[in-house]
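Me: I should like to go through the assignments in this structure and ask for the reasoning behind each.

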Amino acid sequence: MSMDPITALISGIIGLCVGGGGMIAYNKAGFNKNQQEAERILKDAESEAQAKLKQAVLDGKTQAHDLKIEAEKDIKERRQEVQNLENKLLRREDNLNFRDEALNQKERQITEKMQKVTDKLSSLENKEKKLQEQIDNQIVVLEGVAKMSQQDARKELFSVVEKKMEHETIAYIKDKEEEAKATAQQKAQNIIALAIERMSQQETQERTVSVVSIPGEEMKGRIIGREGRNIRAFEQATGVELNIDDTPDLITITCFNPVRREVARLALEHLIRDGRIQPGRIEEVVKKYQQEIDQEIMNAGEDAIFKLGIGKIDREIVKLIGTMKYRYSYGQNALQHSIEVAYLAGAMAAELGLNQQMAKRAGLLHDIGKALNIEQQDGSHVELGYKFCKKHGEKEIVLNAILSHHGDVEPKFLTSHLVIAADTISAARPGARKESAQAYIDRLENLEKIATSYEGVQNAFAIQAGREIRVMVNPESVDDLTCVKLAREIRDQIESELTYPGQIKVNVIREIRAQELAK
């Protein structure tokens with residue numbers, strides 16, 4: 001059995017006292033004192049333990065009370081939330097019940113109305129049958145009185161209505177056209193005027209031959225060579241024809257390919273300056289200037305692209321652009337014309353808020369096929385240009401501008417319309433183009449033939465170099481509204497059948513003269 005520390009201490013002290021026989025009496029007072037100390041310690045320990053136990057019990061009761069209060073509060077809040085949810089659900093249930101009742105009432109009303117509509121429809125069908133029977137009887141009576149069948153009467157009525165509606169339609173179209181012109185013409189003129197002011201105008205002349213002067217008859221003989229070998233070598237190397245005997249001291253170079261003609265001119269001038277004219281030397285000089293012309297073509301294409309600022313473009317297309325420098329159409333240089341169109345289209349695109357760079361690109365490439373026409377390839381310059389640009393990765397907006405600028409296809413983009421307008425402006429400006437006298441006469445005759453082919457036209461006169469056609473009509477057979485229709489039809493036929501630069505104004509004139517004879 002184990003002892004507590006105090007008992008063990010007492011036992012030890014007693015043992016020491018017993019073992020020390022002679023000292024018992026001496027230590028008796030100390031033993032009593034230690035025992036009292038031990039008892040005091042026990043009492044203090046017991047009091048402290050009792051105090052700590054009471055404090056622990058008190059703390060436990062306080063904590064339990066706090067937890068109970070907090071739990072009761074939480075339960076109360078939960079009960080309040082549940083109560084609120086129940087109230088909300090009750091209100092919703094009341095609303096649903098009210099809506100259900102309202103819907104049931106509306107459904108009953110709709111059912112009643114449907115029944116009334118059904119009854120009315122049935123009544124109307126009966127009335128319609130009776131009315132149709134009366135109409136049929138009346139038609140039979142009217143046909144007998146008028147001696148005209150229902151089909152004949154319908155045709156007569158439609159004829160009158162059609163004639164009346166035709167005049168009303170023409171009048172309506174005329175009013176709308178005048179209204180549109182009043183609002184759009186000034187703005188369009190401003191845009192075009194601004195575009196024209198922003199570009200420089202250069203006039204060119206068509207060249208189909210090149211002329212080189214020679215110092216004398218001796219040089220002419222050296223150019224011809226023994227038995228004509230030099231001139232044959234020159235023509236074979238350049239692909240041109242030399243006319244020497246037509247005019248004194250001049251050699252005429254003829255060729256439909258302007259690039260070959262320019263190479264031949266430069267090579268011949270060099271040979272005349274150098275004086276050494278023989279087949280081997282001819283081939284060497286022609287090859288040298290052919291390389292120079294190729295480089296000049298590339299430089300011309302790159303310069304045009306750089307001036308317009310249209311970004312990166314395929315090298316093969318750049319070469320064709322430079323080749324247009326030696327291509328002419330109605331006396332107008334193809335490259336200068338394309339640059340003008342690019343400037344004009346870009347300026348108009350900027351005014352309209354469109355992509356200016358894309359408009360310039362389409363304007364520059366719209367006639368690119370003319371450079372391919374130099375080599376006598378099959379197809380029009382529109383088809384050739386479209387295929388070539390599509391092959392080298394040009395976008396749809398550029399391809400459509402190429403296809404549509406002569407009206408071969410319908411323009412799909414606003415940029416295509418701008419290219420058409422810019423092409424017309426560049427071709428129609430004074431001094432830009434010229435044509436042969438016979439082509440000019442044929443164009444005027446065709447204008448007058450188209451105008452006089454219409455019924456009611458007495459005379460037609462093409463004036464202002466074919467830019468206006470005046471049509472005189474018979475006032476007895478053509479009224480004022482028909483004049484508007486006639487002008488539009490003549491305009492459409494001119495656009496579809498003739499090729500012309502710029503615009504042609506169609507004026508239809510109806511004149512009434514009252515004449516009396518006084519005796």
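The exchange below takes up the assignments in turn.

Me: What kind of model is this, and how many helices and strands are there in the protein chain?

Reply: The model is predicted. The protein chain has 16 helices and eight strands. Buried residues account for 31% of its 519 residues.

Me: Why is Cys389 called buried?

Reply: Cys389 has a relative accessible area of 0%. Buried means under 20%, so the value of 0% places Cys389 among the buried residues. Cys483 is judged in the same way: its relative accessibility is 9%, which is under 20%, and therefore Cys483 is also buried.

Me: How many disulfides does a search of the whole structure find, and what would make a pair of cysteines count as one?

Reply: The search finds zero disulfides. To count, a pair of cysteine sulfur atoms must lie within 2.5 Å.

Me: What makes Glu37 and Arg40 a salt bridge?

Reply: The side chains of Glu37 and Arg40 meet with an N to O distance of 2.1 Å. The cut-off is within 4 Å, so the pair qualifies as a salt bridge. Both residues lie in helix 2 (residues 24–146), three residues apart, about one turn of the helix.

Me: Why are Glu37 and Arg40 called partly exposed?

Reply: Glu37 has a relative accessibility of 36%, and Arg40 has a relative accessible area of 41%. Partly exposed covers the range between 20% and 50%, and because 36% and 41% fall in that range, both Glu37 and Arg40 are given this label.

Me: How do you know that Lys325 and Glu296 form a salt bridge, and which parts does the pair tie together?

Reply: The closest N and O atoms of Lys325 and Glu296 are 2.8 Å apart, and since the limit is within 4 Å, the contact counts as a salt bridge. Lys325 is in the loop between helix 8 (315–323) and strand 4 (328–329), whereas Glu296 is in helix 7 (residues 279–308), so the pair ties together parts that are 29 residues apart in sequence. Lys325 is partly exposed at 31% relative accessible area, and Glu296 is partly exposed at 31%.

Me: What makes Arg491 and Asp492 a salt bridge?

Reply: The closest N and O atoms of Arg491 and Asp492 are 2.9 Å apart. This distance is within 4 Å, and the pair therefore meets the criterion for a salt bridge. Elsewhere, salt bridges that share partners join Asp274, Arg276, Arg281 and Glu284 into one network. A search of the whole structure finds 17 salt bridges.

Me: Is Glu262 buried or exposed, and what does Glu262 touch?

Reply: Glu262, in helix 6, has a relative accessible area of 14%. That value is under 20%, so Glu262 is called buried. Not counting residues up to four places away in sequence, Glu262 touches Ile293 and Tyr326.

Me: Why is Arg260 called partly exposed?

Reply: Arg260 also belongs to helix 6 (residues 258–274). Its relative accessibility is 38%, between 20% and 50%, and Arg260 is therefore partly exposed. The C-alpha atoms of Arg260 and Ile293 are separated by 9.3 Å, although the two residues are 33 residues apart along the chain.

Me: What share of the exposed area of the protein chain do carbon and sulfur atoms supply?

Reply: Carbon and sulfur atoms supply 52% of the about 35,300 Å² that the protein chain exposes.

Terms used
Residues numbered from 1 in each chain as written. Predicted model: local features only at pLDDT ≥ 70, side-chain atom pairs only at ≥ 80, totals over all residues. Heavy atoms only, no water. Buried < 20%, exposed > 50% of the residue type's maximum accessible area, 1.4 Å probe, protein only. Helix = DSSP H or I, 4+ residues; strand = E, 2+ residues; numbered from the N terminus. Contact = heavy atoms within 4.5 Å. Areas by Shrake-Rupley, 256 points an atom, 1.4 Å probe, with all protein chains shown as cover.
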